[in-house]
Amino acid sequence: METRKVQVTGGSTYTVSIPKTWANDNDVSAGSTVEFYPEGDSLFMTPVGGDDQTEGTLDITNLEGTELVRAVMTMYVSGFDVIILESGRITNDQRGMIREATQSLVGLEVLEETKDEIVIRDLLDSSELSIHNAVTRMRLIAASMLEDALLALRDLDRDLAHDVIQRDDDVDRLWMVVSRIFRATLRTPKASEELGLPREVCFDYHSSARQLERIGDHATKIAHLTLEIDQEVPEDVVVAIEELHEEVVSVIDGGMDALFTDDSEEATRLANDVREQVREIDQTARGIDELLRELDPAHAQLVGLIVDSVSRTADYGGNIAETALQKAAPSP
């Protein structure tokens with residue numbers, strides 16, 4: 001940290017010098033233009049760059065399979081607009097995994113491909129991305145996945161269960177978008193300004209998106225468990241699970257409504273209601289466990305895991321409500 005004294009020039013203009021080391025590192029010299037971004041009681045300064053495209057290079061010689069996919073995803077979430085993958089010779093298996101990774105991420109396209117290099121570029125205009133819209137879309141998809149997973153359980157509908165499993169890719173894709181946007185706001189105040197949201201709110205959206213991604217994971221788990229069940233679930237158990245689901249939906253909706261409202265008092269009221277509902281859901285889930293005692297052990301275990309996943313989604317809705325409470329709290 002360095003300190004500088006504010007001076008007055010011309011009788012009305014405040015000026016302050018900038019550290020020479022920082023200026024040299026960022027190619028700032030006499031005549032350069034810098035940008036200022038006010039945020040609360042802070043003022044962020046950044047040099048004006050000519051090209052906002054960020055480029056990153058990754059040696060993939062020793063990367064295979066899912067490890068390679070994760071590496072590409074990490075470069076994407078880190079914020080690189082151009083990703084260059086290099087190797088002495090890129091194998092066919094590596095090319096297949098790279099295409100799989102590219103197709104699973106929003107906006108990425110392979111632009112160039114040679115025997116030793118693949119160039120991937122993000123074709124989306126970052127200024128057109130909305131973290132609010134992405135989180136809203138995640139909410140809708142995750143909720144529909146959970147509803148359809150339980151419908152598949154009632155009817156033992158294998159096709160619907162497989163459809164729920166496939167939709168998890170859509171939730172994961174949006175989760176990556178939210179993570180990419182959030183990390184961009186941490187790197188530069190310009191990203192936050194383009195979004196029209198303070199960085200604290202972006203953090204709240206990012207935290208909540210993580211909970212929605214987990215809800216999608218549990219809907220997927222329910223679908224997988226349904227595929228293992230080979231006999232109908234008793235009607236009284238199905239009805240009890242559907243009642244539990246209704247309570248869970250109320251928790252998730254209440255948490256998200258609290259997060260999105262700009263009225264602090266309303267957000268606090270909604271979030272506190274959700275916290276009470278979560279405690280009641282634990283009692284409902286225990287009641288279903290009593291019904292499962294009538295089933296044979298193998299069947300009861302599978303259905304019990306489904307009940308556990310449904311009740312866990314309520315916990316994630318409660319976590320969103322906690323985030324909403326923090327968002328609604330007065331700023332220091």
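1. Let's start with β7 and β8 in this predicted model. These two strands run antiparallel and are joined by five bridges. To see the pairing for yourself, find E112, which stands opposite V119 in β8. The link between β7 and β8 is a hairpin, and three residues make the connection.

2. Next, look at how β8 pairs with β6. Strand β6 covers residues 82-86 and strand β8 covers residues 117-122. Here too the sense is antiparallel, with five bridges between β6 and β8. A handy marker for this pairing is L85, which stands opposite I118 in β8.

3. Now put these strands into the whole sheet. Four strands make up an open sheet, and reading across it gives the order β5-β6-β8-β7. Taken as a whole, the pairing in this sheet is mixed. Which strands stand at the edges? They are β5 (55-59) and β7 (108-113); each has a single partner strand, so one side of each is left without a neighbour in the sheet. On average, neighbouring strands of the sheet are turned by 20° against each other, with direction ignored.

4. Turn to the helices. A pair of packed helices can be described by two values, the angle between their axes and the distance between those axes. For helix α2 (residues 65-78) and helix α5 (residues 158-187), the angle is about 45° and the axes are 7 Å apart. Angles under 35 degrees would count as roughly parallel and 65 to 115 as roughly perpendicular; α2 and α5 are therefore oblique to each other.

5. It is worth finding the side of each helix that takes part. From α2, the contact uses R70, M73, Y76, V77 and S78. From α5, the residues are M176, V177, S179, R180, R183 and R187. What kinds of residue meet here? The contact of α2 with α5 divides into five nonpolar, two polar and four charged residues.

6. Finally, have a look at the second largest pocket, which holds about 540 Å³ of space. It is lined by 23 residues, and the closest to its centre are E200, V201, K327, A329 and S331. Where does the lining come from? Helices α7 (199-228), α9 (264-291) and α10 (297-328) each supply at least two of its residues. The largest share comes from α7, with five residues.

7. One last point concerns the character of that lining. In the second largest pocket, 11 lining residues are nonpolar, five are polar and seven are charged. Try colouring the lining by these three classes to follow the division on the structure.

Technical notes
Residues numbered from 1 in each chain as written. Predicted model: local features only at pLDDT ≥ 70, side-chain atom pairs only at ≥ 80, totals over all residues. Heavy atoms only, no water. Pairing = 2+ DSSP bridges. Axes fitted to C-alpha atoms, helices over the stretch in contact; angles between N-to-C directions. Parallel < 35°, antiparallel > 145°, perpendicular 65-115°, else oblique. Contact = heavy atoms within 4.5 Å. Nonpolar A, V, L, I, M, F, W, Y, C, P; charged D, E, K, R; others polar. 1 Å grid on protein atoms, 1.4 Å probe; cavity = no way out; pocket = protein on both sides within 12 Å on 5 of 7 lines; lining within 4 Å. Points joined across faces, edges and corners; volume = space filled by probe spheres on them.
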